Amino acid sequence: MRLLAFELATEACSVALWVDGEVIERFEVAPRRHAELALPWAGELLAEAGIARGQLDAIAVGRGPGAFTGVRLAIAIGQGIALALGRPIVPVSTLAVLAMRASAGGRVLAAIDARMGEVYAGTFELTGTGAHALGEETVGAPDGLQIPEGQWNGVGTGFAAVDGALCKRLAGQLSTVDEQALPRAGDLARLAAAAYRQGAAVAPEAVEPAYLRNNVALTSRQQQELRDARR
C-alpha cells in the first residue's frame, strides 16, 4: 500500500509517504510557510521512494482541529491530488495524530493551543494499533476541561497555553507532559494506513474539517475582557 499524508494544522509543516509499512517524512516548524513547502516536499518524497503519483492508493490529511488556514490547506491539497488521481482520502483527527507523540503510551490527553485563551483537547488510548478516542474532542478554556479520573500522559502545545493553566489544573493526574510536541505526518500516515485497511477512506468531496468552533479571532473588546480576567 502507498499513501501520501499531509499534516498542516499547527505551526509545524509535515508531509510523509507510507510504502508497505515504511515511512519517510519531511517535518519543519515553519509558520506561514506550509503552502510553500507541502507540495514540493511531497514531490521529493515520491522521487526518493521511486514512486509516481499514479501509484498511490490514497491520500491522508490531518482534518484538524488546529489553525483554520492549515486545516483548510491540507484538505485542499489532499482533495486536489485525490481528485486528479481518482483516489480516496483518509481523514484523521489531528489530536489523534498528536497523541501518537506520547512516548509513555497508555492513556493520553492531547491538547493544542487554540489561541484566544482556549485549547483543543482530546483523550485517547494508545495501543499497538494506534490512538483510539475515549471521548469527544473539545475546545474551551483550560480551567473548564473535564477528563476521567486516573493518570494521563499529556502531550501538545495546549499544556503551555494560557501560562500553563492546563498543567496547573490537572497536575495530580498527569504522569508525564510534553508541551512542545507537535503532530507529525509520519504518525498520520501510520494511523491512516490502519484506517484505510478498515474501510475508512472517503471520496475527496466528502472530507469535512474539524474546526470545533466558529470564531477565528476575538474582537478588541473580547481581547481586553480576556486580559482583565487573567489579572
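## Around helix α2

Just after α2, Gly86 takes a positive phi of about 70 degrees. Bear in mind as you read on that this is a predicted model. The helix itself, α2 (68–85), makes for an easy sanity check. With 18 residues at 1.5 Å each, α2 should span 26 Å, and its end C-alpha atoms do sit 26 Å apart, so the two agree.

Which residues of α2 are buried? They are Phe68, Gly70, Val71, Ala74, Ile75, Ile77, Gly78, Ile81 and Ala82. A bit of helix geometry helps in reading that list: an α-helix has 3.6 residues a turn, so residues three or four places apart point the same way. As for partners, the buried residues of α2 pack against β1, α1, β4, β5 and β7.

## The largest pocket

If you're hunting for open space, start with the largest pocket, whose volume is about 540 Å³. Its lining comes to 23 residues, and the ones nearest the centre are Ala9, Ala67, Phe68, Thr69 and Gly70. Three elements give two or more residues to this lining: α1 (34–49), α2 and β6 (106–115). Phe68 and Gly70 also turn up among the buried residues of α2.

Sorted by class, the lining of the largest pocket holds 12 nonpolar, six polar and five charged residues.

## The second largest pocket

Next comes the second largest pocket, at about 280 Å³. Here 16 residues form the lining, with Val92, Ala96, Ala131, Leu191 and Ala195 the closest to the centre. At least two lining residues come from each of β5 (89–92), β8 (130–133) and α5 (185–197). The top contributor is β8, which gives four residues.

By class, the lining of the second largest pocket splits into nine nonpolar, five polar and two charged residues.

## Nonpolar cores

Now for the packed interior. The largest nonpolar core has 32 residues, and Leu3 and Val90 touch the most other members. A whole set of elements supply at least two residues each to this core: β1 (2–7), β2 (12–19), β4 (58–62), β5, α3 (94–99), β6, β7 (118–127) and α5. Of these, α5 gives the most, with seven residues.

What does Leu3 touch, once residues up to four places away in sequence are set aside? Its contacts are Ala16, Leu17, Trp18, Leu56, Ala58, Ala60, Val90, Ala189, Ala192 and Ala193. Apart from the largest core lies another one, of 26 residues, including Leu4, Val15, Leu17 and Leu46.

## Loops and a cis peptide

Is Ser93, in the loop between β5 and α3, buried or exposed? Its relative accessibility is 7%, and since anything under 20% qualifies, Ser93 counts as buried. Beyond four places in sequence, Ser93 touches Arg63, Gly64, Phe124 and Glu137.

Gly64 is worth a second look, as the peptide bond from Gly64 to Pro65 is cis, with omega near 5 degrees. Pro65 belongs to the loop between β4 and α2.

## Positive phi away from glycine

Two residues have a positive phi without being glycines. One is Arg32, at about 65 degrees, in the loop between β3 (22–29) and α1. With 81% relative accessibility, Arg32 counts as exposed.

The other is Asp163, where phi is about 55 degrees. Asp163 is placed in helix α4 (residues 161–169). Its relative accessible area is 64%, so Asp163 is exposed.

## Arg107

Arg107 sits in strand β6. How exposed is it? At 25% relative accessibility, Arg107 counts as partly exposed, because that label covers values between the 20% and 50% cut-offs.

Leaving out neighbours within four places in sequence, Arg107 is in contact with Phe124, Glu125, Leu134, Pro148, Glu149, Gly150, Gln151, Trp152 and Asn153. Take Leu134 from that list: Arg107 and Leu134 are 27 residues apart along the chain, with their C-alpha atoms separated by 8.9 Å. Phe124 is another name to remember, being in contact with Arg107 and also with Ser93.

Conventions:
Residues are numbered from 1 along each chain as its sequence is written. This is a predicted model: local features need pLDDT of at least 70, side-chain atom pairs count only at pLDDT 80 or more; totals for chains, interfaces and linings use all residues. Side-chain values use heavy atoms; hydrogens and water are left out. On a 1 Å grid over the protein atoms alone, a cavity is a set of points where a 1.4 Å probe fits but cannot get out, and a pocket is an open set with protein on both sides within 12 Å along at least five of seven lines; lining residues have an atom within 4 Å of a point. Grid points are joined across faces, edges and corners, and a volume is the space filled by probe spheres set on the points. Ala, Val, Leu, Ile, Met, Phe, Trp, Tyr, Cys and Pro count as nonpolar, Asp, Glu, Lys and Arg as charged, and the others, Gly among them, as polar. A nonpolar core is a set of buried Ala, Val, Leu, Ile, Met, Phe, Trp, Tyr and Cys residues joined through side-chain atoms within 4.5 Å. Buried means under 20% relative accessible area, exposed over 50%, partly exposed in between (1.4 Å probe, protein chains only). Contact means heavy atoms within 4.5 Å. The expected span of a helix is 1.5 Å times one less than its number of residues.
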